[in-house]
Structure formats: structure tokens, C-alpha cells
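Here is a short set of exercises to work through with the structure open beside you. Try each task first, then read the solution.

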2 protein chains.
Amino acid sequence: MLNFTFNNPTKILFGKGQIANLATEIPKNKHILLTYGGGSIKTNGVYEQVITALKNHAVFEFNGIAPNPKFEQLLEAIPIIKKNNIDFLLAVGGGSVVDGTKFIAAAAPFKGDPWDVVKKNPSDTSIRNIPSIDTAMPFGCVLTLPATGSEMNCGAVISKVNSPDKFSFRHGLLYPQFSILDPATTFTLPPKQTANGVIDTFVHVTEQYLTYPVNGKLQDRFAEGILLTLIEEAPKVFADPNNYDARANLMWSATWGLNGFIGAGVPGDWATHMLGHEITARFGLDHGETLAIVLPSLLNVKRKQKREKILQYGQRVWGITQGSDDARIDNAIERTRTFFESLGVKTKFSAYGISIDAVSALIEQLKQHNLVVLGEHGDIDLKQSELIYRGCF
Amino acid sequence: MLNFTFNNPTKILFGKGQIANLATEIPKNKHILLTYGGGSIKTNGVYEQVITALKNHAVFEFNGIAPNPKFEQLLEAIPIIKKNNIDFLLAVGGGSVVDGTKFIAAAAPFKGDPWDVVKKNPSDTSIRNIPSIDTAMPFGCVLTLPATGSEMNCGAVISKVNSPDKFSFRHGLLYPQFSILDPATTFTLPPKQTANGVIDTFVHVTEQYLTYPVNGKLQDRFAEGILLTLIEEAPKVFADPNNYDARANLMWSATWGLNGFIGAGVPGDWATHMLGHEITARFGLDHGETLAIVLPSLLNVKRKQKREKILQYGQRVWGITQGSDDARIDNAIERTRTFFESLGVKTKFSAYGISIDAVSALIEQLKQHNLVVLGEHGDIDLKQSELIYRGCF
């Protein structure tokens, strides 16, 4: 096992009716800025629950945070914060709202160019940098879309307007003080968003699990536990969107897919995410769709380097015990693809109308973003990335 | 899944050489009281590592904290704290040292009868009480014996001198600020302590797992993951006490056995612990020994109420898929007993020279301690407890 530090102070309030506890989780004297997205919380009853819980608080609003939240738009929250002496942020929504709120929490008290909040606190821990922030506004979260894990970690991804770039940053000051997870808020999610969330969680796990063995036995078991839970519970949610327990298991799995535990003491890959981001940037596919496209091909191309862990995955997650190593790896990859497809998410470029000449454009983007050394061994260069993209047809 | 709150702010520094980080984890201006036990840390090099790391800090000492730490002895730390303006405690040792230090952390700033720290903050959350403490000294921990999970939770167990009583208390202010877990510090543990630690962890898990199903799929998978890791790694440690990775996996498993996660959103039993405590109090057996005696008998007596979960346990942890339900349950219990015995820990009263007339004395103690309603259904009354004890012969 590798050395590690693990520290996750976010308080989770999980279950039916927990939104009412906002009344006591946020001190009465706080001026709250409620941040949210396109308004789905106004049709599914979540907004009303939040406002009712906060009826004795001073509440201001900042809405319209879109998927892939934009730097320029988020900056518009800062004058509202200053004008109204806001001293607490409450993100209500999915990962984009939480990520955007993390940026606001860091940028509002920041002196200097706010883009430095993103640029100087990179998620990539291999980049040695002096963090740019030493304070952040306190914030909490009411999660309505399980997927990114942002509700219980200190990272975020934001973009600039009219740019194909997505930048991820993280800082220990950016853990939510609390996150409220009521599975009932996810009953009305469109099937596509549920599916994307399951795939996002699945691939968060594989990024930290399908690398090479370092004898992190507990991390492996927990990673497998999340994958098995997703595979077992996702079909129940598609059969009955109001299945509380299945929704609860998906929601809690998404949190644990990226709250730091399964990645502590083991190597990380993250190439599927990096290659996927370029696809979103160029063609606007959903994040979950890009992961579903890239992962099977990446596992195929890296089958030698990931051999032991893919075999373990095949056995423990899919029950594959027969055949040669290569046959078992093929089978494990095929089961993965079939699972994604069973959620209604296509796993080939061609299904999205993307043709083979897209590959050179994607490789060009990787070059521009200096993503020329990826994967747990740092051996996914542009040539390997090209192979992976070509394997997506 | 049941509603729950989960919040565990303890920072973990895990791995080789992490003790050196004490130098920066504790602010330079702190006056530290180093608390420890019988002195094994002076022979295994841990004391020296700690003192070296803290060479630029003001360090005072309080030693002699014994297994089942005693209220009266712990109180002796308080004048030392006052006299030397101590403002940080550092527990170096196993669960008893950490538990004792938690008591000191709460009792030192406490106004009033210090026994109220224990009595008015009961671990049993079914007891509605107004907590007695509103502040506690900050403290950290260097763990040298994986077992109790105290390094990453806010509970503790202490006793009074000349009393057969063990009292557990907990409070959200009593999480360690940090805990350092270096598996190399456990290389020199006597096999008996290693075995007791494995059994303590195992039974922490079964108390939260072998109850009744509430569809907490992730909690179940993680619980099973800990059990599987213990079963896989413990023999390696007995074959080679210096096996770093196996020691690391046992150490991290012990932490996760009782850091709140696997118990969040699911019922808890804890009867094995309660019945075991009475045996320790009366006959002085190690905590781990008492658990190894009680658990197989308890599972047998409660086989009907725990049927579904014991069957799941048999299948997923021991691979038992054949036979009638009752045969599979028998098999699962027998495998559990055999595992404990394989660690060198006896699982029958008779092996410890305890005769059948002990039962009435133990039942009398349960009565005195008002432990007349135990288990996840509250259906283990004194009659059932007697059946369980009788089944331990």
C-alpha cells in the first residue's frame, strides 16, 4: 500500500426529510446565497422544501448555473455577495452547481485575478504549485443528482465561455461543511441523467481501481462493492424510478466513488476522464457518454499494464473465472460495455455521428492542453491516446 | 436504508515514516502532554521517533495508562495539564491509551464532577441525555495496536478501580484531530495482541452487519470487504510478522470497522460486546477473547432473527452456497469459530477454565448494569442472554 493522507470533514445528512434540517445546520444569523441551476428544483419540490426550511434566514439567490459551469457567469455572483453581506453559500442541485459554488466560495474573498483560484490549485497533485487561496466562504449542499461526488470532496471542474477547456482544481478549504442527500429528490431525474450519473460513478471507481496491484486490499474490496452496488441497483431504478432504497444506494455509491477513500494508498489513472473531457469540449457529448465511449477502448489498449486488476475485476465483479487471461479480459470489457448500453448510453463514436477524422482533432486538443503523459504509469502518450480514440469506433 | 448523519473529521496519516510529520501536525507553540501505556513504545522505537519529531516542541509525559483504563488514574493527568499549561494531548499506543486520552481531553476543561463526562455522554444513542461537555482539549494519536477503531471515532470505554463496570461514552468533540498509522509500528506486537485486534475488528463489523436487511447495499459490501480482508491477511501476519502490506491492511481494516461508515443507515446489535464486557469484568479475559467466545453462540441463538444476513454472510464471506438454510447457518458459524481458533484464540468457556456456574453470576451482573434489553431488536432479555452464555460451553 502507498503512503497517504485521508481527511474528509464533510458532514452528511442522509435520508428522507433531511432538507428540513437546513434550519439548524446553518446558523440563524447567516446571510445565505442560494445557488442553483436551470430551475428543475422549482418543479420537483426541492426549492420549496429549502425555502420552507430557511424561512427564518435571510436568503438571496443566484441561479442559472449550467452544466460545465462557466467562470465568467460564476463571477457574477461576487457583487451579489458583497452587496448583501452574504456569508454562507448553499448549493442546491447536481455536481455542476456544487462545483460552481466551490469556485464562488474561493473567488469571493480572493484578492487578485480570480482565474488564479483555478489555475494555481490544480487537481493534478503531480504539479508542484503554491496554492493561491488561504480562505474560502463556508458552504453547504443539497444534492439532487448523484454522480460527481462533489458533495463530499474538495475538487471542482469549471470552464471558460467559448473555450474547449475544462479545468479542475481542488483545495482543502473547499469541502462542503455539510451535504444533504435525500434520495427522494432524485425520483424525477430524467433517465438519461440517472444513467450518466451511474456511469460517472462507475468510472470514478475504475480510475482508482483498474490500475496495478499495490496490495490495497480494503480499497479494492470497497471499489468492487461500489461497482457491484451500481450493477445491482441501477436496473431497479430504471424499472421503478421511485424505488427509494435503490435510489439511496446509487446516491451513497456516487458519494463514495470520489470522496477520497477508495483512492487513498493506491495509484490513480484518470486517463478516461482526460480523454473524455476533450470529447465533451469538441462535440458537446455528456460527460457520462464520453466515459462510456472511452473506458472499454482504454481497457483494451492498456490490457497488458492493467492485466492483474482487470482479471480481478472480471472475477469479483462479473464472476468471470473461465478462459485464458485474454479471453477473461475481453469478457470483462464486454460486460462493462453491455452494462453501459443497458442504461441506454451508447459506447461507440459512430452512434453519436462522430466520424474517424475526429481523432486527429481530439489529439490536437490533447497536445494543446499538454495532456501528453496520462495514466497510472504515465505511459499514455499521444500515440496511445490515438489508439484509444481509434478503438472507440 | 435508515436515515443517518455521518461526519468524521479525523485526519489520517498512513504509512511508513509518518510519525516524523508530528513536527508539523502539531503547532510549534503547543505544550504537549504525551500519554502512553506500559512502555512498549520505549522498546519498539516508537517513543524515540515521537520524541525526535517533537524535538522543537515542549513535551511533558503521562504514562502508565493500562488496558481497560481507569478513571481514577486518568484524573492524575489533570494537575499535570494545569501546572504546565498543556494545550495539546498526544496519545501514543493502542485503544486503551487513545480512550484514556479522550477522557482526559474532556475532563481537563470540565467544570463539575468529572464522572459526568462518562455518565452524561453515553454511547448508547437510545438514551436521551443532555451532553455534559461543550469543549474538549485538542488531541492527536499515534496508533500502535489496530483493534478498537478509537483512532478515528469519538467514543471511548473506561472503568473505575475495583469495579466490574466498563462505561462507554462518546461526544462529537472527541474525534482525534489526526491519527498517525504506521503499520511498521505493529511488527513487534505479541501474536496474542494481533489476534485480539483482528477479532475485535471482526466483531465490530458483525455487530453492524449481522442484523436484519434494510437494503444498505454499500454498507453490506464494505462490511464484507473488511471481513474478507481480515480473513485473507491475518494468516500472512502470523506467518511473517514483518509483512508490511498485510499489517497495513489489518490496520486500515480496524479503523474502518468502527469509524462510523459501515454502521451508518443500518441497525446495530452490540450484544456480543455487552455480554463480553461482563466476562472481562468478572474473569479478566481479554476483550478479544470474550468476543470470540460469545459471537458463535449468539449467532446460533439468534439464527432466526438474523437468518437472512447470516446466509448472506455465509455466501459472500465464506462461499457457502450449498445445503438447507440451517445447514448453511451452522456452516457459517463454524467457519467463524474456526477462523478465531486459527488465530490461537479459544472460543469456549471451558478452554479458559470457566465452569457452567459462572453463568448465573454473569446474568446477575447484566441485571446490575441494567443490560436487560439487548440486540438490534431489543429482544435479548436475560433469558436469552443466559441461553447465549450457556451456548459458550
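**Exercise 1. Which residue of chain A comes closest to the rotation axis?**

Before starting, note that this is a predicted model, where local features need pLDDT of at least 70, side-chain atom pairs count only at pLDDT 80 or more, and totals for chains, interfaces and linings use all residues. Residues are numbered from 1 along each chain as its sequence is written, while chains are lettered from A and ligands numbered from 1 in the order in which they are written.

Step 1. Superpose the copies, by least squares on the C-alpha atoms of residues with pLDDT of at least 70 in both. Chain A lands on chain B after a rotation of 180° with 0.0 Å of shift along the axis, and the RMSD is 0.0 Å.

Step 2. Name the symmetry: this is how a two-fold axis relates two copies.

Step 3. Look along chain A for the residue in question. It's Pro9(A), whose C-alpha is 2.0 Å from the axis.

**Exercise 2. Work out what chain A brings to its contact with chain B.**

Step 1. Count the residues, calling two of them in contact if their C-beta atoms, placed from the backbone, lie within 7 Å. You get 32 residues of chain A against 32 residues of chain B.

Step 2. Find the elements; helices (H or I, at least four residues) and strands (E, at least two) are DSSP runs, numbered from the N terminus. Those of chain A giving two or more residues are E1, strand E2 (11–14), helix H9 (217–239) and helix H10 (244–257). H9(A) gives the most, with 10 residues.

Step 3. Sort by class: Ala, Val, Leu, Ile, Met, Phe, Trp, Tyr, Cys and Pro count as nonpolar, Asp, Glu, Lys and Arg as charged, and the others, Gly among them, as polar. Chain A's side has 14 nonpolar, 11 polar and seven charged residues.

**Exercise 3. Describe how H9(A) packs on H9(B).**

Step 1. Recall the usual description: two packed helices are described by the angle between their axes and the distance between the axes. Here axes are lines fitted to C-alpha atoms, for helices over the stretch in contact, and angles run from 0 to 180 degrees between N-to-C directions.

Step 2. Read off the values. H9(A) and H9(B) meet at an angle of about 145°, and their axes are 9 Å apart.

Step 3. Pick out the residues that touch. Among them are Leu218(A), Phe222(A) and Ile226(A) on one helix, and Leu218(B), Phe222(B) and Ile226(B) on the other. By class, this contact has eight nonpolar, four polar and eight charged residues.

**Exercise 4. Trace the sheet that begins with E4(A) and ends with E1(B).**

Step 1. Write down the order, with two strands pairing if DSSP finds at least two bridges between them. This open sheet of seven strands goes E4(A)-E3(A)-E5(A)-E6(A)-E9(A)-E2(A)-E1(B), and its pairing is mixed.

Step 2. Check the edges. Strand E4 (58–62) of chain A and strand E1 (4–6) of chain B each have a single partner strand, so one side of each has no neighbour in the sheet.

Step 3. Add the twist: neighbouring strands are turned by 20° against each other on average, direction ignored.

Step 4. Zoom in on one pair. Strand E5 (88–93) and strand E6 (139–143) of chain A are parallel, joined by five bridges, and Leu90(A) is opposite Gly140(A).

Step 5. Place the helix. Helix H6 (95–107) of chain A lies across strand E3 (31–35), E5 and E6 of that chain, at about 165° to E5(A).

**Exercise 5. Find the strand pair that E1(A) makes with chain B.**

Step 1. Identify the partner. E1(A) pairs with strand E2 (11–14) of chain B, antiparallel, over three bridges.

Step 2. Match up residues: Phe6(A) is opposite Ile12(B).

Step 3. Put the pair into its sheet. The order is E1(A)-E2(B)-E9(B)-E6(B)-E5(B)-E3(B)-E4(B), seven strands in an open sheet.

**Exercise 6. Split chain A into domains.**

Step 1. Take the bounds, which come from an automatic or database domain assignment: domain 1 is 11–185 and domain 2 is 191–390.

Step 2. Compare the centres over C-alpha atoms: they are 26 Å apart.

Step 3. Count the contact: domain 1 of chain A gives 15 residues and domain 2 gives 23.

Notes
Contact = placed C-beta atoms within 7 Å.
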